[in-house]
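Grab a coffee and open your viewer. Here is a set of exercises to work through, each with a solution to check yourself against.

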Amino acid sequence: MLQPLIQDRNRLEQVLRQLPLSPGVYFFKDKTDQILYIGKSKRLRSRVRSYFRQPAHLGPRLELMVYQVAEIEFIVTDTEAEALALEANLIKQHQPHFNVLLKDDKKYPYLCITWSEPYPRIFITRKRQFGSGGNTSSDFPKDRYYGPYVDSFRLRQTLALVKRLFPLRQRPRPLFKDRPCLNYDIGRCPGVCQGLISPQEYRQTLQKVAMIFQGRTGELVAQLREQMLQAAADLNFELAARLRDQIRGLEHLGVEQKVSLPDDTVSRDAIALALGDRHAAIQLFQIRAGRLVGRLAFVADAQSGSPGTILQRVLEEHYAQVDDVEIPSEILLQHPLPEADLLRTYLSEKKGRAVTLTVPQRQAKAELITMVQRNAELELARIQQASDRTQTALEDLAQLLGLDALPHRIEGYDISHIQGSDAVASRVVFIDGLPAKQHYRHYNIRNPEVKLGHADDFASLAEILCRRFAPYLEGKGDPLEAEDWPDVILIDGGKGQLSAVVEVLEPLLGNLTLLSLAKQREEIFLPHQPQPLPADPEQPGVQLLRRVRDEAHRFALNFHRQKRCQRQRRSHLDQIPGLGYQRQKELLATFRSIDYIRMATPEQLAQVHGVGPRLAEKIYRYFHNDAH
């Protein structure tokens, strides 16, 4: 196993000499081949060598990193701009510990346009998926996320206004099988569900909508005004009136958000941050034609770098995701950036014209940075308050349960059914007191004794926990080495449910804390203890357990409803001879509901893949027989 380079000066010099004097990306790896840090430079050898000259001058975080570096790898690029773009992609892919990593704060929503679909959807979401979009052809580019926006109320107002001004698809699924709904008749929808507009025409409308969220409202208004005048000249007064209404609506949008600057013709972004003990709150104001068109927010680890380094990382990640036309001509900075020249070159090449980076010192631009910083401080206060509440709850829970350390991973389990039918279970996971939805799981209850009219929550919980910990119960895994080993397992229920789980998990109780939370009095029960823990239902630790319990209940209930709905949809189809699961699936995918299948003619049914004329006639007769 390789030793850290700083302990072997001969090997360090040999590695440094192999680095080229070219732009590119470098990787620092530890002795286990894990990536510690990914960086970029216009001169790889010079930049990497600077880390090892005087590590103490780098700050405690980077100094710690340097003493762990055992291997250095690199990728050479043709230009500095290519190095920046490559670094951004690699950081997102590998998430190295010592890089500035932006945290996902679910408070901030995004607006998504699904360009990967023939008829794109537009909606607000709090979950951003990088690199989304299944179709990679030039006709269907990847989905586009705008944000994250600080003011979710204004974002929803804007989207509502957009849907009134432009004819967009209003429903995720058609209301009727053979005709459009009322939205089409009143001009709110172009009839996407019935194919009354081509994908190309619909995407042209969405491109106009996208201009609003790109901060190009003024440019869009100019285009619409030109089209309105042309429509009036062609005596198409209905179209001219519609365009006039769109222009008026867009001019009203954000009219009160005027920002006073000397030159309101220049597009600008202004960025500032506020640093706390644990978090850094970053705000980015987007100003176009003197108006504040967007206020974005980001969160990072306060110890991950200097203020300038954090700002540089935010700007690099943000502008890597935007379209070229969204890059402003000027970016106002609170602090100087460590690699401002590289970012300036990258943005100028991407935009096709010069982009300036400025740290204003006086007058209106400096006042704007002060305003952005003030907003960042308010967001930091909110983040720290939420973080403090979570920390207090974890400390209280650790004290309540007698844990040696704060619980890192808490798992909650619940069962959902109606008198035994469609029985399912859920597992939810909280990491450091917050939901970690990527670790949530659904379970179908396999016990044949659990069926309609016969429910057994005790046996169902025992089954699920036995399946969850099967490798460890069979001696095939070591709990001390498991990355997903929970510190606390919470069962929804009382002593009966807990006892059923204890019976199967008895061999593992030395390595985990198992408890149940009864709903009626919010009582906490531990294994082999007849009385509940003395606790106040409103104390922070118990409130955290209640959040886990309620989330497990919600997740299980949603899955149960979904499973029950699917069964009810297929209950009629199961009674038709020759109609198996796959053909049922094709029918429901085509007609969307049992009612539409009942209304279909034999000819329409026969067009479904795998059905054919004979089976179509059987289906038609089944639904039109007087007995049904």
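The exercises below go through strands, a helix, salt bridges and a few single residues of this model, which is a predicted one.

**Exercise 1. Work out how β1 is covered and which strands it pairs with.**

Solution.
- Step 1: Start with burial. Six of the six residues of β1 are buried, so the strand is mostly covered.
- Step 2: Look at both faces. Gly 24, Tyr 26 and Phe 28 point one way, Val 25, Phe 27 and Lys 29 point the other way, and all are buried.
- Step 3: Find the β3 side. β1 and β3 pair in the antiparallel sense over six bridges, with Tyr 26 opposite Phe 74 of β3.
- Step 4: Turn to β2. Here too the strands run antiparallel, and six bridges join β1 to β2; Val 25 stands opposite Lys 40.
- Step 5: Check the connection. The hairpin of β1 and β2 has five residues between the strands, and Asp 33 takes a positive phi near 75° in this hairpin.

**Exercise 2. Find the buried residues of helix α2 and say what they pack against.**

Solution.
- Step 1: List the buried residues of α2 (residues 44-53): they are Leu 44, Val 48, Tyr 51 and Phe 52.
- Step 2: Ask how they sit around the axis. They cover an arc of only 95°, which puts them on the same side of α2.
- Step 3: Recall the helix rule. An α-helix has 3.6 residues a turn, so residues three or four places apart point the same way.
- Step 4: Name the neighbours. The buried residues of α2 pack against α1 (9-18), β1 (24-29), β2 (35-41), α3 (60-66) and β3 (71-76).

**Exercise 3. Lay out the sheet that contains β5, β6 and β7.**

Solution.
- Step 1: Get the order. The three strands form an open sheet in the order β6-β5-β7, and the pairing is antiparallel.
- Step 2: Pick the edges. β6 (122-125) and β7 (144-146) are the edge strands, each pairing on one side only.
- Step 3: Add the twist. On average, neighbouring strands of this sheet are turned by 30° against each other, direction ignored.
- Step 4: Zoom in on one pair. β5 (residues 110-113) and β6 are joined by four bridges in the antiparallel sense, and Ile 113 has Ile 122 as its bridge partner in β6.

**Exercise 4. Take three salt bridges, and work out where their partners lie and whether they are buried or partly exposed.**

Solution.
- Step 1: Know the total. The whole structure holds 31 salt bridges.
- Step 2: Start with Arg 144 and Glu 326, whose side chains meet at 2.7 Å, N to O. Arg 144 lies in strand β7 and Glu 326 in the loop between α10 (307-321) and β11 (330-333), so the pair ties together parts that are 182 residues apart in sequence. Both Arg 144 and Glu 326 are buried.
- Step 3: Go on to Asp 341 and Arg 344, a salt bridge at 2.6 Å, N to O. Both lie in helix α11 (residues 340-351), three residues apart, or about one turn of the helix. Asp 341 is partly exposed at 48% relative accessible area, and Arg 344 is partly exposed at 27%.
- Step 4: Now Arg 409 and Glu 411, with their closest N and O atoms 2.9 Å apart. Arg 409 has a relative accessible area of 5% and is buried, while Glu 411 counts as buried at 0%.
- Step 5: Look for shared partners. Lys 40, Arg 47, Glu 87, Glu 316 and Glu 339 are joined into one network by salt bridges that share partners.

**Exercise 5. Place Asp 269, Gln 539 and Ala 81, and find what each one touches.**

Solution. Contacts here leave out residues up to four places away in sequence.
- Step 1: Asp 269 sits in strand β8 (residues 268-275) and is buried, at 1% relative accessible area. Among the residues Asp 269 touches are Phe 285, Ile 287, Arg 288, Tyr 319 and Glu 330.
- Step 2: Gln 539 is in the loop between β19 (523-525) and α16 (540-571). With a relative accessible area of 17%, Gln 539 still counts as buried, since the cut-off is under 20%. Its side chain reaches the backbone nitrogen of Asp 536 at 2.8 Å, and Gln 539 touches Asp 396 and Leu 400.
- Step 3: Ala 81 belongs to helix α4 (residues 80-94) and is buried at 7% relative accessibility. Ala 81 touches Tyr 346 and Glu 349.

How values were computed. Residues are numbered from 1 along each chain as its sequence is written. This is a predicted model: local features need pLDDT of at least 70, side-chain atom pairs count only at pLDDT 80 or more; totals for chains, interfaces and linings use all residues. Side-chain values use heavy atoms; hydrogens and water are left out. Two strands pair if DSSP finds at least two bridges between them. Helices (H or I, at least four residues) and strands (E, at least two) are DSSP runs, numbered from the N terminus. Axes are lines fitted to C-alpha atoms, for helices over the stretch in contact, and angles run from 0 to 180 degrees between N-to-C directions. Buried means under 20% relative accessible area, exposed over 50%, partly exposed in between (1.4 Å probe, protein chains only). The arc is that of the directions from the helix axis to the C-beta atoms. Contact means heavy atoms within 4.5 Å. A salt bridge is a side-chain nitrogen of Lys or Arg within 4 Å of a carboxyl oxygen of Asp or Glu. A polar contact is a pair of N or O atoms within 3.5 Å; within protein, one must be able to donate a hydrogen and the other to accept it, and residues adjacent in sequence count only if both atoms are side-chain atoms.
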